[in-house]
Amino acid sequence: MKIAVIVLLLSGIVTTVQLNLQISELQKTAAASREEIDSLNDDIDELIDEIEQPIDENYIMKFARESLNYHLPSEIVYYNDMTK
């Protein structure tokens with residue numbers, strides 16, 4: 001009878017430790033997921049701001065510079081091949 005109680009008690013302790021380890025891992029995963037969600041929400045906000053900008057001459061020039069690497073004929077363009 002004592003052996004059964006000891007075995008049951010040890011089984012309960014082992015199960016509790018395993019569950020605590022799983023909870024800890026899940027909390028770390030949840031924290032990482034929250035950080036990723038925050039980062040993605042920031043990206044969404046930036047994209048919404050970009051979409052809501054009026055399409056005027058400044059927007060077109062900015063788009064041409066950033067997306068198409070265009071520049072004005074009177075500008076001198078310097079390229080940096082150093083990696084960060």
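# Exercises on a predicted model

L9 lies in helix α1. The structure is a predicted model, and the exercises below work through its surface, its second helix and a few pairs of residues.

**Exercise 1. Decide whether L9 is buried or exposed, and find the patch on the surface that holds L9.**

Step 1. Exposed means a relative accessible area over 50%.
Step 2. L9 has 55% relative accessibility, so L9 counts as exposed.
Step 3. L9 belongs to a nonpolar surface patch, together with I6, L10, I13, V17 and L21.
Step 4. The accessible area of these residues together is about 580 Å².

**Exercise 2. Describe the negative surface patch and state which helix gives the largest share of it.**

Step 1. The residues of the negative patch are E35, D38, D42, D43, D45, E46, D49, E50, E52 and E66.
Step 2. Helix α1, residues 2-52, supplies the largest share, namely nine residues.
Step 3. Take E35 as an example: E35 is found in helix α1.
Step 4. The relative accessible area of E35 is 59%, so E35 is exposed.

**Exercise 3. Check whether the length of helix α2 agrees with its number of residues.**

Step 1. Helix α2 runs over residues 57-68, which makes twelve residues.
Step 2. The expected span is 1.5 Å times one less than the number of residues.
Step 3. For helix α2 this gives 16 Å.
Step 4. The end C-alpha atoms of helix α2 are 15 Å apart, which agrees with the expected span.

**Exercise 4. Find what is unusual in the phi of N69, and state where N69 lies.**

Step 1. Most residues other than glycine have a negative phi.
Step 2. N69 is not a glycine, yet N69 has a positive phi of about 60°.
Step 3. N69 lies in the segment after α2, and its place is just after that helix.
Step 4. With a relative accessible area of 59%, N69 is exposed.

**Exercise 5. State how many salt bridges a search of the whole structure finds, and explain which parts the pair E75 and R65 ties together.**

Step 1. The search of the whole structure finds one salt bridge.
Step 2. The side chains of E75 and R65 meet in a salt bridge, at 2.8 Å from N to O.
Step 3. R65 is in helix α2 and E75 is in the segment after α2, so the pair ties together parts that are ten residues apart in sequence.
Step 4. E75 is partly exposed, at 28% relative accessibility.
Step 5. R65 is also partly exposed, with a relative accessible area of 36%.

**Exercise 6. Give the separation in space of two pairs of residues, E35 with I60 and A64 with R34.**

Step 1. E35 and I60 are 25 residues apart along the chain.
Step 2. The C-alpha atoms of E35 and I60 are separated by 33 Å.
Step 3. A64 and R34 are 30 residues apart in sequence.
Step 4. From C-alpha to C-alpha, A64 and R34 are 35 Å apart in space.
Step 5. As for its surroundings, A64 has its place in helix α2.
Step 6. Buried means under 20% relative accessible area; A64 has 15%, so A64 is buried.

How values were computed. Residues are numbered from 1 along each chain as its sequence is written. This is a predicted model: local features need pLDDT of at least 70, side-chain atom pairs count only at pLDDT 80 or more; totals for chains, interfaces and linings use all residues. Side-chain values use heavy atoms; hydrogens and water are left out. Patches are made of residues with over 30% relative accessible area and no salt bridge: like charges are joined within 9 Å, nonpolar side chains (Val, Leu, Ile, Met, Phe, Trp, Tyr) within 5 Å. Accessible areas come from the Shrake-Rupley method with a 1.4 Å probe; for residues, only the protein chains shown count as cover. A salt bridge is a side-chain nitrogen of Lys or Arg within 4 Å of a carboxyl oxygen of Asp or Glu. Lys and Arg count as positive and Asp and Glu as negative; His and the chain ends are not counted. The place of a charge is taken as NZ of Lys, CZ of Arg, CG of Asp or CD of Glu. Helices (H or I, at least four residues) and strands (E, at least two) are DSSP runs, numbered from the N terminus. Buried means under 20% relative accessible area, exposed over 50%, partly exposed in between (1.4 Å probe, protein chains only).
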